[in-house]
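Work through these exercises with the model open. Each task is followed by a stepwise solution.

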Amino acid sequence: MQSVRTRRKVAPATANGGDSAEKLDQLLLSSAICNGEDLGSFVRKAFASGKPETLLHHLRQFARSKESEIEEVCKAHYQDFIMAVDDLRSLLSDVDSLKSALSDSNSKLQSVAGPLLSSLDSYVEAQNISKNVDLALKSIVSCMKLMELCSRANHHLSSNNFYMALKCTNAMENEFLDKTPSSTLKRMLEKKIPAIRTYIERKVNKEFGDWLVEIRVVCRNLGQLAIGQASSARQREEDLRIKQRQAEEQSRLSLRDCVYALHEDDEDGFNNGVESDSNGVSGLLGFDLTPLYRAYHLHQTLGLEDRFKQYYFENRKLQLTSDFQVSSMTPFLESHQTFFAQIAGFFIVEDRILRTGGNLISKIEVENLWDAAVSKMCSVLEDQFSRMQTANHLLLIKDYVSLLGVTLRGYGYPVDALLDVLSKHRDKYHELLLSDCRKQIAEALAADKFEQMLMKKEYEYSMNVLSFQIQTSDIVPAFPYVAPFSSTVPDCCRIVRSFIEDSVSFMSHGGQLDFYDVVKKYLDRLLAEVLDEALMKLINTSVHGVSQAMQVAANMAVLERACDFFFRHAAQLSGIPLRMAERSRRQFPLNKARDAAEDMLSGLLKTKVDGFMTLIENVNWMADDPVQNGNEYVNEVIIYLETLVSTAQQILPAQVLRRVLQDVLSHISETIVGALYGDSVKRFNINAIMGMDVDVRLLESFADNLAPLFTDGDANQLKTALAESRQLTNLLLSNHPENFLNPVIRERSYNTLDYRKVVTISEKLRDPSDRLFGTFGSRGARQNPKKKSLDAMIKRLRDVS
């Protein structure tokens with residue numbers, strides 16, 4: 001058809017127009033009819049062009065053209081047709097003869113086959129009887145098999161072997177119900193099979209209900225055991241870290257000693273504190289899922305799989321909702337372990353069922369249950385933490401929750417939301433911890449008797465000194481040993497160490513790996529805000545004597561060494577290298593209390609020294625001869641200071657002793673200068689100044705005698721404390737006092753002197769022997785050049801003022 005259509009489309013138009021096209025169409029139509037092609041395209045074209053008569057005309061012309069061909073064919077076959085008719089007529093006579101022969105044969109066959117047919121009827125009847133007998137035997141055998149199945153089903157039911165009973169009932173239903181020949185048996189089967197299935201379903205549901213009740217207790221015990229194993233694993237890790245820290249400390253103290261790596265084998269075979277194998281915690285508790293899987297299998301056999309899945313999920317969801325209830329009659333601190341253990345056990349069981357129960361519960365359903373549990377636990381924690389006012393209670397619950405997180409993370413449950421709640425209450429916990437430590441430190445300081453601590457046994461030394469690394473020597477002293485500090489120091493150290501350990505305990509196992517900065521921040525607050533303020537209060541309210549002030553100053557020096565230990569201890573517990581902790585160290589956090597203690601000691605010593613310095617009133621300022629061995633006041637002061645140093649050097653570090661003595665000597669120097677400057681001394685002569693020079697030399701000699709106790713720089717600093725009195729003495733004894741006016745010489749030799757004091761004191765200097773400074777208005781008197789120079793200096797200094 002496509003070829004015809006194509007030819008029609010591409011047929012060229014001739015010059016004759018319509019006649020040529022009509023002849024072409026007639027040729028194409030004739031060719032298509034001869035080839036047996038489809039004429040549909042010609043018909044459609046004729047109707048489309050509105051000229052169906054042309055198509056009919058062409059068809060009639062084609063028919064007329066074929067009539068002659070038909071006539072020629074008929075003429076060619078007419079002779080053959082005549083011959084065939086003749087053959088048929090001869091065949092008819094042969095058929096008649098054959099018919100008579102067949103009739104004769106049939107008569108003979110009837111006579112012979114009669115007896116045979118009667119025998120055949122007898123045989124057929126016997127065969128039918130045999131078939132009936134066989135059918136009866138088969139029915140009997142079938143009934144016997146059916147009865148045997150019924151008997152086996154009854155036996156399995158009586159022995160609670162429900163699966164085999166269901167197999168028997170299914171076999172009866174599939175193989176015998178429609179095929180049994182006995183209507184009675186059939187009615188019995190139709191009645192009993194549903195009854196048996198209903199009975200089995202009821203019994204299985206009862207067993208499953210009992211399992212649901214039992215599994216709640218099992219879940220609680222299972223959760224407690226799993227969390228306990230996580231706690232044991234954590235404790236083993238802590239013990240290993242302690243041994244490693246001890247090895248590191250040994251290495252730090254003695255680099256020549258060999259330090260061996262510590263390895264511990266995990267003998268329990270638990271992963272993250274809980275065993276994931278089927279013989280793990282479940283086996284230890286008799287954890288049995290057989291009733292559940294049996295019920296699930298039987299419901300599958302009953303064709304009730306989906307209904308059982310829904311029933312199981314709804315019941316377990318109700319149990320979980322019931323587990324969420326927090327009793328208002330019992331404090332949460334007492335019930336939190338049971339609360340979290342119940343939930344942990346629930347999801348350990350669900351994880352096992354998810355992995356081994358086929359399709360009993362889907363992963364999405366378990367995740368939905370876990371999301372609901374996490375939301376509820378977070379809500380409970382938020383509520384309970386907001387009510388707690390004791391840091392230890394909050395720490396206990398946090399530790400248990402972190403163990404819960406470790407346990408369930410081992411089973412693939414996400415616990416980040418729980419850890420976020422713990423991190424959220426970090427500040428509150430530390431505020432409570434700071435408050436507790438504030439009370440403990442106040443009690444420890446209140447109990448201080450300001451007496452050196454006596455240690456009779458080595459274990460006391462280890463417990464109070466070595467454990468805080470506040471020893472000044474690695475050599476163990478002889479016992480009994482009198483420590484330079486009082487009992488307050490180890491008591492406060494224990495409180496601070498406990499704070500560090502509690503802080504690290506709260507921060508560790510909470511999802512945050514690098515938490516040293518947080519621990520350090522709160523440790524700084526404890527030392528700077530709590531301990532420092534408590535010590536300041538103690539110093540300002542309870543220290544009333546030199547011995548007490550000296551003991552507090554000694555304690556502060558020891559606490560300064562203890563602070564180094566605190567930061568190292570925090571770094572070790574936080575798991576960071578000590579060099580990083582030392583790099584981030586700042587200034588001594590108890591510097592206010594230390595300065596206050598030293599100021600208090602210095603103030604008390606100054607008060608004591610002032611009592612001796614009152615003897616300066618007995619000095620003869622217009623002496624005829626200079627004092628050779630020093631004035632009485634300076635001898636008394638030196639005796640007191642020597643006695644003080646002999647006692648102080650036993651407990652005070654050299655730096656502290658040097659700072660205190662420097663302050664006291666500076667005060668003595670100021671007092672000497674103040675005496676000359678004050679109104680009590682109206683005038684003095686050169687012999688008095690020479691006596692004062694002896695006093696200053698005695699004080700300088702006292703400072704020089706202390707040189708073995710200090711470094712060279714510290715010994716020189718002690719002497720600089722007497723600089724004002726020394727420079728004033730040198731100026732008054734100088735033959736060229738006008739050098740004081742030279743800025744270079746003044747900066748080098750008289751830099752501590754106030755020119756106002758120099759003017760006032762210089763005006764008091766008189767010498768009655770030669771009346772060198774008798775009157776400033778005596779024009780006729782002969783003046784000493786020194787006096788003249790001194791007067792000129794005084795005049796110049798007054799002009800400056």
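**Exercise 1.** How do the residues of the lining of the second largest cavity divide into nonpolar, polar and charged?

*Solution.* Start with the ground rules. This is a predicted model: local features need pLDDT of at least 70, side-chain atom pairs count only at pLDDT 80 or more, and totals for chains, interfaces and linings use all residues. Residues are numbered from 1 along each chain as its sequence is written, and side-chain values use heavy atoms, leaving out hydrogens and water.

Step 1: define the space. A cavity is a set of points, on a 1 Å grid over the protein atoms alone, where a 1.4 Å probe fits but cannot get out; lining residues have an atom within 4 Å of a point. Points are joined across faces, edges and corners, and volume is the space filled by probe spheres set on them.

Step 2: list the lining. It consists of Leu445, Asp448, Thr488, Val489, Cys492, Leu535, Leu538, Val552, Asn555 and Leu559.

Step 3: sort it. Ala, Val, Leu, Ile, Met, Phe, Trp, Tyr, Cys and Pro count as nonpolar; Asp, Glu, Lys and Arg as charged; the others, Gly among them, as polar. The result is seven nonpolar, two polar and one charged.

Step 4: place it. Helices α16 (488–507), α17 (516–542) and α18 (546–574) each supply at least two lining residues. Helices are DSSP runs (H or I, at least four residues), numbered from the N terminus. The volume of this cavity is about 60 Å³.

**Exercise 2.** How many disulfides does the count come to?

*Solution.* Step 1: apply the cut-off. A disulfide is a pair of cysteine sulfur atoms within 2.5 Å. The count is zero.

Step 2: check Cys493. The nearest cysteine sulfur belongs to Cys492, 7.1 Å away. Cys493 counts as buried because its relative accessibility is 0%. Buried means under 20% relative accessible area, exposed over 50%, partly exposed in between (1.4 Å probe, protein chains only).

Step 3: check Cys563. Its nearest cysteine sulfur, that of Cys493, lies 8.0 Å away. Cys563 also has 0% relative accessibility, so it counts as buried.

**Exercise 3.** Which residues of helix α3 (residues 40–49) are buried?

*Solution.* Step 1: pick them out. They are Gly40, Ser41, Phe42 and Ala46.

Step 2: look past the end. Gly50 follows α3, with a positive phi near 75 degrees.

**Exercise 4.** What pLDDT does the chain average?

*Solution.* Step 1: read the score. pLDDT is the predictor's confidence in each residue, from 0 to 100. The average is 78, and 84% of the residues score at least 70.

Step 2: find a weak stretch. Over residues 255–285 the pLDDT is below 50. Where pLDDT is low, the predicted coordinates should not be read in detail.

Notes:
1 Å grid on protein atoms, 1.4 Å probe; cavity = no way out; pocket = protein on both sides within 12 Å on 5 of 7 lines; lining within 4 Å. Contact = heavy atoms within 4.5 Å.
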